[in-house]
Amino acid sequence: MTSILEVPASGTVTVPGTVELELTGKCQLRCGHCLSDSGPEVPHGVMTLDDWKAVIDECATLGVKLVQLIGGEPTVFPGWDKLVDHALSLSLGVEVFSNLYHVTAKGWRVLSQPGVTLGTSYYSVNAGEHDKVTTKPGSHERTRANILEAVRRGIPIRAGVVGVHDGQLGRLAVTELLALGVGHVTLDYARGVGRAARSTPTMDALCGNCARGRLAILPDGSVVPCVIGRFLPTGNVRDGGLAPILASPEWAKMAASIPPRTTSRHGCPPNDSDECGPSDNVCVPQVTTMGGCPPNDSNDCNPANTEACGPSY
């Protein structure tokens, strides 16, 4: 992939604050609501380590503030640690969004570096209920233990509780995570994409902030407005870099087609770019059922910090 590091004179580039780099579709888990159909048998994708480094170079040149390494499980991508180091060397912030099912000693050293934050998903205080979502027996025990280890090491960590099944103990999970020392916790519901899609994905799955301050790059190099908006690919970084895509009429048309969020405070549920303010240490939606795939567009972080926007994957 050849990266274009200059903004084309023919167009105006609106630089996102956050770029999500979906390194791979491979994952140890196979969560029933996964937005990307990831799993143990899924390959990494066509983007090489050098391709991802070129993307990170361009992000730094364009003025992006944060790159988020996601998957699948980003830590199973060969060289993910080198991508963290490369981004840090360019003064970019880095978040690694991991299932925390397995972290090696080397992985802890990478995650403990200044400038790196950690994100994870959590589903219930009940191990069986959590494992039902991940379809991996023992995943609750391992993820919970690694959350505690991250807190012990002083790694800034946030967690997204995702409601998948009716009756799921999501709100108790929020309380538990805060008690464990997780700095920021959000609660949302499964979105109608990937394995959670009951039909062809539509704009109803989006919060309205996709392509507004964020974008995502998928394992094949496709550029999409966010990981949830993966059904709206617009260009491919392997064909010449990111800047020409952001300056293109096609990108502008796609972004304009996404109905904007109408509520006023804070960012995008799913809050995968951590757009709730520092004082909002817990975000939970005003919804009464844990089932289904509502977009949660009406949720908002309120001044009391008791109800808010949703999270992650």
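Tutor: Before we look at any residue, take one criterion: two strands are said to pair when DSSP finds at least two bridges between them. What we shall read with it is a predicted model.

Student: Which residue stands opposite Leu-69, and in which strand?

Tutor: The partner of Leu-69 is Val-96, which belongs to S3. The setting is the pairing of strand S2 (residues 66-70) with S3, which runs in the parallel sense over 4 bridges.

Student: In which sense do S3 and S4 pair, and over how many bridges?

Tutor: S3 and S4 also count as paired, in the parallel sense and over 4 bridges, with Phe-97 standing opposite Gly-119 in S4. Both strands are mostly covered: in strand S3 (residues 93-97), 4 of the 5 residues are buried, and in S4 the buried residues number 6 of 7.

Student: How many helices and strands does the whole protein have, and what share of its residues counts as buried?

Tutor: The protein has 8 helices and 9 strands, and 56% of its 313 residues count as buried. If we take the contacts with a separation of 6 or more, 72% of them come from residues 24 or more positions apart. The exposed area is about 12,200 Å², of which carbon and sulfur atoms supply 55%.

Student: How should I read the length of a helix, and what span should the 14 residues of helix H5 have?

Tutor: The general idea is to multiply 1.5 Å by one less than the number of residues, which gives the expected span. For helix H5 (residues 139-152) that expectation is 20 Å, and the C-alpha atoms at its ends are 20 Å apart, so the two agree. Just after H5 comes Gly-154, with a positive phi near 80°.

Student: Which residues of H5 are buried, and against which elements do they pack?

Tutor: The buried residues in H5 are Ser-139, His-140, Thr-143, Asn-146, Ile-147, Glu-149 and Ala-150. The elements against which the buried residues of H5 pack are helix H3 (105-111), strand S4 (116-122), helix H4 (127-134), strand S5 (157-163) and H6.

Student: How do I read a salt bridge, and how many does the count come to?

Tutor: Side chains of opposite charge can pair when their charged atoms come close. The cut-off used here asks for a side-chain nitrogen of Lys or Arg within 4 Å of a carboxyl oxygen of Asp or Glu, and by this rule the count comes to 8 salt bridges. One of them joins Arg-144 to Glu-176, with the closest N and O atoms 2.8 Å apart. Because Arg-144 lies in helix H5 and Glu-176 in helix H6, this pair ties together parts that are 32 residues apart in sequence.

Student: Is Glu-176 buried or exposed?

Tutor: Glu-176 has a relative accessible area of 14% and is therefore buried, whereas Arg-144, with a relative accessible area of 26%, is partly exposed.

Student: Which residues form a salt bridge with Glu-149?

Tutor: Arg-152 forms one with Glu-149, the closest N and O atoms being 2.6 Å apart, and Arg-153 forms another, where the corresponding separation is 2.7 Å. Shared partners thus join Glu-149, Arg-152 and Arg-153 into one network of salt bridges. Arg-152 and Glu-149 both lie in helix H5, 3 residues apart, which is about one turn of the helix. As for accessibility, Arg-152 is exposed at 59%, while Arg-153 counts as partly exposed at 37%.

Student: Which residues make a nonpolar surface patch?

Tutor: Val-125, Leu-169 and Leu-172 make a patch of about 210 Å². To enter a patch, a residue needs over 30% relative accessible area, and Leu-172, which counts as partly exposed, has 49%. Leu-172 has its place in helix H6 (residues 170-180).

Student: Where does Val-227 lie, and is Val-227 buried or exposed?

Tutor: Val-227 lies in the loop between strand S8 (223-224) and helix H7 (243-246), and with a relative accessible area of 0% Val-227 is buried. The C-alpha atoms of Val-227 and Cys-210 are separated by 8.8 Å, the two residues being 17 apart along the chain. A further loop case is Leu-206, found between strand S6 (184-189) and strand S7 (214-217), which counts as buried at 2% relative accessibility. Between the C-alpha atoms of Leu-206 and Pro-260, 54 residues apart along the chain, the separation is 9.5 Å.

Note on methods:
Residues numbered from 1 in each chain as written. Predicted model: local features only at pLDDT ≥ 70, side-chain atom pairs only at ≥ 80, totals over all residues. Heavy atoms only, no water. Helix = DSSP H or I, 4+ residues; strand = E, 2+ residues; numbered from the N terminus. Buried < 20%, exposed > 50% of the residue type's maximum accessible area, 1.4 Å probe, protein only. Contact = heavy atoms within 4.5 Å. Areas by Shrake-Rupley, 256 points an atom, 1.4 Å probe, with all protein chains shown as cover. Patch = residues over 30% accessible without salt bridge, like charges linked within 9 Å, V, L, I, M, F, W, Y side chains within 5 Å.
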